[in-house]
Amino acid sequence: MDLLWANRAESAEAAVTARHLKPLWHLPGTQLGVVAWPPIRRAPHWHYWWQAHLLDCLVDAQLRDPQPERATRIKRQIRTHRLRNVGRWTNAYYDDMAWLALGIQRACRVTGIDRHRALRTLTAQLTDSWMHEAGGGIPWRKDEQFTEPFFNAPANGPAGIFLAREPAWLPRAQAMGDWIDDTLIDPETHLVFDGIRGGSLVRAEYTYCQGVVLGLETELAARTGVQDRPRHAHRVHRLVAAVAEQMAPGGVLKGAGGGDGGLFAGITARYLALVATDLPGESTADVQARETAAKLVLTSAKSAWDYRQSVDGLPLFGPNWDQTAQLPHADSGTAQFIGGAVSESEIPERDLSVQLSGWMLMEAAHAVAAAQTAC
């Protein structure tokens with residue numbers, strides 16, 4: 001049994017719970033994550049996809065240490081998400097909806113709650129948006145009728161992971177993986193480009209783009225038949241090696257600041273952990289990919305823990321896991337929603353996204369260490 005990383009994951013959960021989990025509008029039986037700590041009197045935005053990752057972290061914790069109280073928090077998080085979103089599950093961004101779908105899907109399977117209507121609604125959003133006429137892929141957001149739609153990894157990756165876990169939609173998930181591999185892989189670095197618009201590649205290479213593709217291809221390698229499995233496994237081998245070589249100096253995953261970027265490395269760690277625990281096969285390449293992925297997670301987690309601050313005995317993580325975290329203060333500027341993305345706070349450690357990423361990393365390290373102990 002892994003106690004070291006279980007204890008650290010528990011501490012990270014306790015920190016987010018104490019600092020960020022609050023009732024919505026002072027309503028009993030509700031809960032969302034306050035987007036900044038120290039909090040401000042009136043948070044200007046609630047950041048839909050940050051809340052989806054908060055839900056995913058709660059599910060991670062429930063897998064690690066099942067507790068009735070946490071199951072209640074999971075139910076409250078889902079219910080309050082819809083309440084805060086004006087009674088809807090959907091919004092204008094397909095990547096946001098994919099993250100929520102993943103969180104609810106996992107919550108249902110881990111806690112036994114029934115949210116089939118939510119999942120049916122979100123599934124329709126993620127499948128009906130597939131654009132055959134454009135050669136495949138789902139766009140980043142709706143209502144782009146006046147511009148060329150932007151097809152990107154952050155939308156197609158998590159949507160593909162979600163659909164791969166629904167047997168009826170496995171062929172579509174496989175088509176998404178093939179589309180990404182055909183369209184968004186850098187032939188020189190083997191990393192995943194951000195996206196494509198009007199035939200022109202957006203060549204930014206973000207950590208979380210790598211993470212979601214690793215998650216999708218690992219799920220496909222585990223769920224497809226003997227004929228298709230090798231090509232998905234090969235993509236995982238290639239991408240794990242590229243991430244290790246180019247996105248983890250000293251073995252520690254690179255940070256991307258606060259705001260939305262605060263989640264990037266945590267997402268990558270989550271799906272590297274999935275590679276380490278779920279990639280099938282016993283070839284030399286399979287074993288090496290699992291071992292490399294596990295090492296990246298554990299090295300990053302040790303560094304993030306070593307460079308943390310401690311506030312009231314609970315960890316506060318920095319956006320860069322190889323640098324000492326800074327303590328935020330109440331009069332520093334907070335994250336703002338600008339042009340479809342959330343900028344970072346003046347001190348990024350203030351952002352819920354950064355702390356969720358640290359928590360996600362600790363849960364990933366626990367999953368990897370527990371799997372190694374069980375072997």
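This passage describes the overall fold of a predicted model and then the packing of one pair of helices within it.

The secondary structure of the protein comprises 12 helices and nine strands. Its radius of gyration is 19 Å, close to the 21 Å expected from the globule rule for 375 residues, so the protein is as compact as a globular protein of that length. The C-alpha trace extends over about 55 × 50 × 40 Å along the principal axes. Of the 375 residues, 58% are buried. When contacts between residues at least 6 apart in sequence are considered, 67% of them link residues at least 24 apart.

A helpful place to look inside this fold is the pairing of helix 4 (residues 94–111) with helix 5 (residues 116–128), whose axes come within 10 Å and cross at roughly 145°. The crossing of helix 4 past helix 5 is left-handed. On the helix 4 side, the contact is formed by Tyr94, Met97, Ala98, Leu100, Ala101, Ile104, Gln105 and Cys108, while helix 5 contributes Ala118, Leu119, Leu122, Gln125 and Leu126. Sorted by class, this contact contains 11 nonpolar residues, two polar ones and no charged ones.

Ile104 of helix 4 deserves a further look. Beyond its neighbours within four places in sequence, Ile104 is in contact with Ala118, Leu119 and Leu122, and also with Leu55, Ile78, Trp89 and Arg115. In soluble globular proteins, nonpolar side chains tend to be buried together. Here, the largest nonpolar core holds 109 residues, and Ile104 is among the five that touch the most other members, along with Val192, Ile267, Trp359 and Met362.

Terms used. Residues numbered from 1 in each chain as written. Predicted model: local features only at pLDDT ≥ 70, side-chain atom pairs only at ≥ 80, totals over all residues. Heavy atoms only, no water. Axes fitted to C-alpha atoms, helices over the stretch in contact; angles between N-to-C directions. Helix = DSSP H or I, 4+ residues; strand = E, 2+ residues; numbered from the N terminus. Left-handed = near helix turned anticlockwise from the far one by under 90°. Contact = heavy atoms within 4.5 Å. Nonpolar A, V, L, I, M, F, W, Y, C, P; charged D, E, K, R; others polar. Core = buried A, V, L, I, M, F, W, Y, C linked by side-chain atoms within 4.5 Å. Buried < 20%, exposed > 50% of the residue type's maximum accessible area, 1.4 Å probe, protein only. Rg over C-alpha atoms; globule rule 2.2 N^0.38 Å.
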